[in-house]
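Hi everyone, thanks for making the time. I'd like to walk you through one structure today, going from the whole chain down to a few single residues. Have a look at it first, and then we'll start.

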Amino acid sequence: MRTDQGCLFIRFLCGQRLKAKGKFRSHLHSRLSGEIVGRHASTHASPLDRRRFLLNAGFAAAGSVIGSSLLSCAHVTDGTFIPCLGPAAAPSPVPGMTYIRASEIGCALDCDLEWGYNKYTMGHPTDDGPRINAAMADASASHPITLIIDGSALISGLFLPAGGYWSIAGLGCGTGFFIKAAANNDGIHNGPPDAAVPFDPGPPAPPRGMNVSLSNFTLNGNQGNGRTGDSSSGLPRGNDLQFFCSINLMNLDNVRIENVVVVNSPAYHFRLSNVGNVVATGCYMESRGLGTDGMHFDGPANDISISNCTFATGDDSIALNCPEGHSGNISRVTVTNCSFKSWTLMRLYTTYYGSPIKDQIDSVSVSKCNGTLAEAAFLIGLSSGSIPDSVASLTVSDCTLKAPTILGVAENFGNITLRNVIFTPSLSGVVWNPPITNRICAFLRPTPPYGGGACAGSNLILENCQIIRDSHIDVAAVILENNSTIDNVSFNGFAVQDSYPPLPDLLIIGNGSIGQLALSSINSTSISGPIGAGSFVNLGLVLGAGVLATGWEFPDAVMANEVPYISASSGLPSIKVGGVVELYSPT
């Protein structure tokens with residue numbers, strides 16, 4: 001069978017499977033959970049150790065799903081469904097901007113974006129990358145250039161001016177790029193072909209260029225198994241020097257990414273390293289397997305806005321990884337109105353075991369999001385050893401999330417506020433690493449893969465939050481282990497809203513402490529008590545206007561003055577006045 005006939009035949013076979021894409025994609029996602037089981041083999045991994053593990057981790061390529069004959073077509077992928085975000089008009093002319101249409105500079109634009117073959121002959125498409133690189137090479141502050149990608153191009157990599165002042169604008173559905181087999185590089189990045197080597201150069205961060213815009217196109221990253229697809233190194237995610245990212249933007253301010261679809265990414269869909277003033281909106285990311293973060297930020301980074309995006313990745317949806325890249329603090333990040341089906345909604349970490357790097361993340365806000373996460377909604381830290389309040393402030397509001405935990409904590413934090421968060425606990429896909437023994441879901445708990453060390457938090461506030469179980473599963477509000485501490489935990493509106501048996505305890509403290517527990521408002525109907533009877537020694541002080549209304553009994557020793565409560569010693573409503581316990585009678 002000729003190559004083009006074989007490719008056409010395989011496309012037909014895959015098409016028949018994709019007609020039942022619900023079942024097919026369900027199979028792929030079930031494979032995903034198997035792929036990530038070994039992701040956290042070391043609880044004290046450095047970023048380089050993590051990447052090396054991910055690079056060497058194998059996964060089931062599409063060829064294993066539909067037969068080895070698929071691998072004979074050099075450019076054919078598994079035919080991943082590519083969503084259409086709608087047609088888009090060419091950008092309106094801006095004075096001083098040069099506009100180049102791909103079709104007018106000799107690009108063949110003959111590549112099928114779903115499958116990677118020549119859409120006219122079913123053979124090999126033309127590599128339009130060199131032609132585009134040449135046309136964009138002169139972009140500068142005095143000569144900004146916009147490429148209008150008005151068709152579908154095979155590329156061996158777009159390596160555009162490092163300092164920015166360039167844009168790529170598609171025309172919506174059917175326009176964009178497919179990464180050539182054995183390209184062994186990023187799909188799009190700024191700088192020469194080797195700009196991403198070394199991948200983690202360390203400090204200091206260089207000066208930033210500016211003004212890069214990507215909009216209204218698709219990029220198929222042509223994920224393979226290390227022998228097929230973008231990478232032919234034998235490693236599925238890259239080579240010994242770097243990850244192969246679909247889009248990799250480095251050392252830039254003023255980055256805008258709008259309505260960009262990235263599928264089948266070898267590694268990160270978007271990597272943004274040493275960037276500021278980033279806006280990403282309306283994007284769609286879907287790939288399976290290890291290392292396929294959706295939007296991955298290396299330090300330093302600042303002023304990031306992500307909205308109306310869809311993440312379906314085999315790893316972190318959003319990663320705020322301070323020690324990676326040039327390393328540095330990450331600040332002022334907002335995420336709103338996004339949906340997630342990934343390993344995590346967001347990873348935040350500022351140091352790793354034994355590292356001299358001690359960075360900080362501050363002012364992170366996530367709102368109006370929903371999703372199902374395999375490991376945690378938020379993984380905070382890789383290990384203990386961070387500076388105090390290293391994740392200084394995180395606010396999560398108006399979100400509906402299904403996960404083993406909302407906050408999986410391994411490093412220190414400052415102020416975390418959860419407001420109007422609905423939590424459905426789930427253990428599906430979670431990976432537990434030693435020394436974790438408590439495997440109960442919670443709003444906050446030691447992170448399943450990294451939670452073996454001690455961490456300290458300043459303030460945890462839960463406002464109008466709910467637990468809604470969809471199965472008989474153990475869950476609590478807060479779990480502390482490993483001598484971890486939180487100075488202040490506050491509940492101002494909290495309830496369990498389901499028909500399953502009541503929770504035994506609001507808090508589980510196996511080995512740790514809470515300095516002050518404030519119960520302003522809590523619905524205790526489906527919660528039997530505040531904490532196990534033998535664990536009150538781990539509470540410093542209990543206060544709040546809602547303590548008495550819970551109906552729970554508290555030891556006199558833990559109660560603050562002037563707070564009505566039910567005394568565990570007498571079983572009666574009581575109040576401490578000047579440290580002396582008296583019967584309480586509301587007037």
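The protein chain has 34 strands and 5 helices. Please keep in mind that this is a predicted model. The chain runs to 587 residues, and 59% of those count as buried. Its accessible surface is about 20600 Å², with 53% of that belonging to carbon and sulfur atoms. As for contacts, if you take those with a separation of 6 or more, 73% are between residues 24 or more positions apart.

Let's go inside. How many residues does the largest nonpolar core have? The answer is 117, and the ones with the most contacts inside this core are I168, F177, I306, F378, L407, F491 and F494. The element that gives the most to it is strand 21, residues 391–403, with 6 residues. There is also a second, separate core of 9 residues, and L379, A410, V431 and Y450 are among them.

I'd like to stop at I168 for a moment. Leaving out neighbours within four places in sequence, its contacts include L147, I149, L158, L160 and F177. I188 and L214 are on that list too, and so are S213, S215 and F217.

Now for the empty spaces. A search of the whole structure turns up 5 cavities of 30 Å³ or more. I've picked the second largest cavity, which holds about 70 Å³ of space. Which residues lie nearest its centre? They are V409, R445, P446, C455 and S484, out of 13 that line the second largest cavity. By type, the lining divides into 7 nonpolar, 4 polar and 2 charged residues. Two strands each supply at least two lining residues: strand 24, at 441–446, and strand 26, at 475–480. Strand 24 provides the largest share of that lining, with 3 residues.

Next, some backbone details. As general background, most peptide bonds are trans, and most residues other than glycine have a negative phi. With that in mind, look at the bond joining P203 and P204: it is cis, with omega about 0 degrees. P204 sits in the loop between strand 7 (188–190) and strand 8 (209–215). Another cis peptide bond joins P434 and P435, where omega is about 5 degrees. P435 is in the loop between strand 23 (413–425) and strand 24, and strand 24 is the one we just met at the second largest cavity.

Then there are two asparagines with a positive phi. For N277 the value is near 55 degrees, and this residue is in strand 12, residues 270–281. N464 has phi near 50 degrees and is in strand 25, residues 456–467. Are these two asparagines buried or exposed? Partly exposed, as it turns out: N277 has a relative accessible area of 36%, and N464 has one of 47%.

I'll finish with three residues and the company they keep. For each of them, I'm not counting residues up to four places away in sequence.

First up is T146, in strand 2, which covers residues 145–149. T146 has a relative accessible area of 5%, so it counts as buried. What does T146 touch? Its contacts are P91, M97, T98, Y99, I100, S167 and A169. In sequence, T146 and A169 are 23 residues apart, while from C-alpha to C-alpha they are 7.0 Å apart in space.

Next is S367, in strand 19, residues 361–367. S367 is buried as well, with a relative accessible area of 15%. This serine touches V335, T336 and N337, along with S397, D398 and C399.

And lastly N538, in the loop between strand 29 (512–521) and strand 30 (539–543). Why does N538 count as buried? Because its relative accessibility is 18%, and buried means under 20%. N538 is in contact with I509, G512, S513 and I514.

So, for your own look at the model, you might begin with the core around I168 and F177, go on to the second largest cavity beside V409 and R445, and then find the two cis bonds, at P203 and P204 and at P434 and P435. Thanks for listening, and I'm happy to take questions.

Conventions: Residues numbered from 1 in each chain as written. Predicted model: local features only at pLDDT ≥ 70, side-chain atom pairs only at ≥ 80, totals over all residues. Heavy atoms only, no water. 1 Å grid on protein atoms, 1.4 Å probe; cavity = no way out; pocket = protein on both sides within 12 Å on 5 of 7 lines; lining within 4 Å. Points joined across faces, edges and corners; volume = space filled by probe spheres on them. Nonpolar A, V, L, I, M, F, W, Y, C, P; charged D, E, K, R; others polar. Buried < 20%, exposed > 50% of the residue type's maximum accessible area, 1.4 Å probe, protein only. Contact = heavy atoms within 4.5 Å. Areas by Shrake-Rupley, 256 points an atom, 1.4 Å probe, with all protein chains shown as cover. Core = buried A, V, L, I, M, F, W, Y, C linked by side-chain atoms within 4.5 Å.
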